[in-house]
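Here is a quick walk through one helical pairing and the residues that sit in it. Have the model open while you read.

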Amino acid sequence: MLAETICSAVSAAGLGLAAVTAYRRRFLAATRIAAYALVPVGLVLTGVVEWVSGMVFKPSVWIGFGLLGLSWLLFTTTRAVERRALAKGGKPPKEPRAAAEGRRAPEAVAPNASAPSLGAGEPRPTAGQAPAAPADDFSDIEAILKKHGI
């Protein structure tokens, strides 16, 4: 009830300010102020203000927000620890079941996945034929690097 009264007062003040602005023949600004002034009353009439005020004052809602924050904190902490371990040269953790059963964890990449695939128009090299050299050489890049002493 207090929130509705405050929203109505804010809207009335905004409409008064819009009337003064229109009196000064600044109609575009007055229309914009009136549009902003009508928003709080619209929120009251649609029930959004009552819903938000009911949600804000419930302890169970704040407990839910706290649990969401805690889960986010746990996710980010575990990601940071995992990245730090990988940066130091550690191995990524294996699956717990695979380690317990003594079998290898499945590989993340298929063995042939690192081989480049050929486009549709390029012929496939045969067993006795060496692959063709790349069309563009890197001599200009090497010259720039040598120029800068790299």
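## A first look at the fold

Of the 150 residues in the chain, 9% are buried, where buried means under 20% relative accessible area, exposed means over 50%, and partly exposed is in between (1.4 Å probe, protein chains only). This is a predicted model, so local features need pLDDT of at least 70 and side-chain atom pairs count only at pLDDT 80 or more, while totals for chains, interfaces and linings use all residues. Residues are numbered from 1 along each chain as its sequence is written, and side-chain values use heavy atoms, with hydrogens and water left out.

The chain has six helices and zero strands, giving the pattern α-α-α-α-α-α along the sequence. Helices (H or I, at least four residues) and strands (E, at least two) are DSSP runs, numbered from the N terminus. The accessible surface comes to about 13300 Å², with 67% of that belonging to carbon and sulfur atoms; the areas come from the Shrake-Rupley method with a 1.4 Å probe, and for residues only the protein chains shown count as cover. Among contacts (heavy atoms within 4.5 Å) with a separation of 6 or more, 33% are between residues 24 or more positions apart.

## How H1 meets H2

Helix H1 covers residues 2–23, and helix H2 covers residues 27–46. Their axes are 8 Å apart and pack at an angle of about 170°, which makes H1 roughly antiparallel to H2. Axes here are lines fitted to C-alpha atoms, for helices over the stretch in contact, and angles run from 0 to 180 degrees between N-to-C directions. Angles under 35 degrees count as roughly parallel, over 145 as roughly antiparallel, 65 to 115 as roughly perpendicular and the rest as oblique.

On the H1 side, the residues that meet H2 include Cys7, Ser11, Leu17 and Thr21; on the H2 side, Phe27, Ile33, Ala37 and Val41 are among them. By class, the contact has 16 nonpolar, four polar and one charged residues. For that tally, Ala, Val, Leu, Ile, Met, Phe, Trp, Tyr, Cys and Pro count as nonpolar, Asp, Glu, Lys and Arg as charged, and the others, Gly among them, as polar.

## Residues worth clicking on

| Residue | Place | Relative accessible area |
|---|---|---|
| Ser11 | helix H1 | 2% |
| Thr21 | helix H1 | 10% |
| Ile33 | helix H2 | 25% |
| Arg25 | loop between H1 and H2 | 67% |

Start with Thr21, which is buried. A polar atom of its side chain lies 2.8 Å from the backbone oxygen of Leu17. Skipping neighbours within four places in sequence, Thr21 is in contact with Arg26, Ala29, Ala30 and Ile33.

Ile33 is partly exposed. Ile33 and Thr21 are twelve residues apart in sequence and 8.6 Å apart in space, C-alpha to C-alpha. With neighbours within four places set aside, Ile33 is in contact with Gly14, Leu17, Ala18 and Thr21.

What does Ser11 touch, not counting residues up to four places away in sequence? Ala37, Pro40 and Val41. Ser11 counts as buried, and a polar atom of its side chain lies 3.4 Å from the backbone nitrogen of Val41.

Finally, the loop between H1 and H2 holds Arg25, which is exposed. Arg25 has a positive phi of about 65° although it is not a glycine. Most residues other than glycine have a negative phi.

Notes
A polar contact is a pair of N or O atoms within 3.5 Å; within protein, one must be able to donate a hydrogen and the other to accept it, and residues adjacent in sequence count only if both atoms are side-chain atoms.
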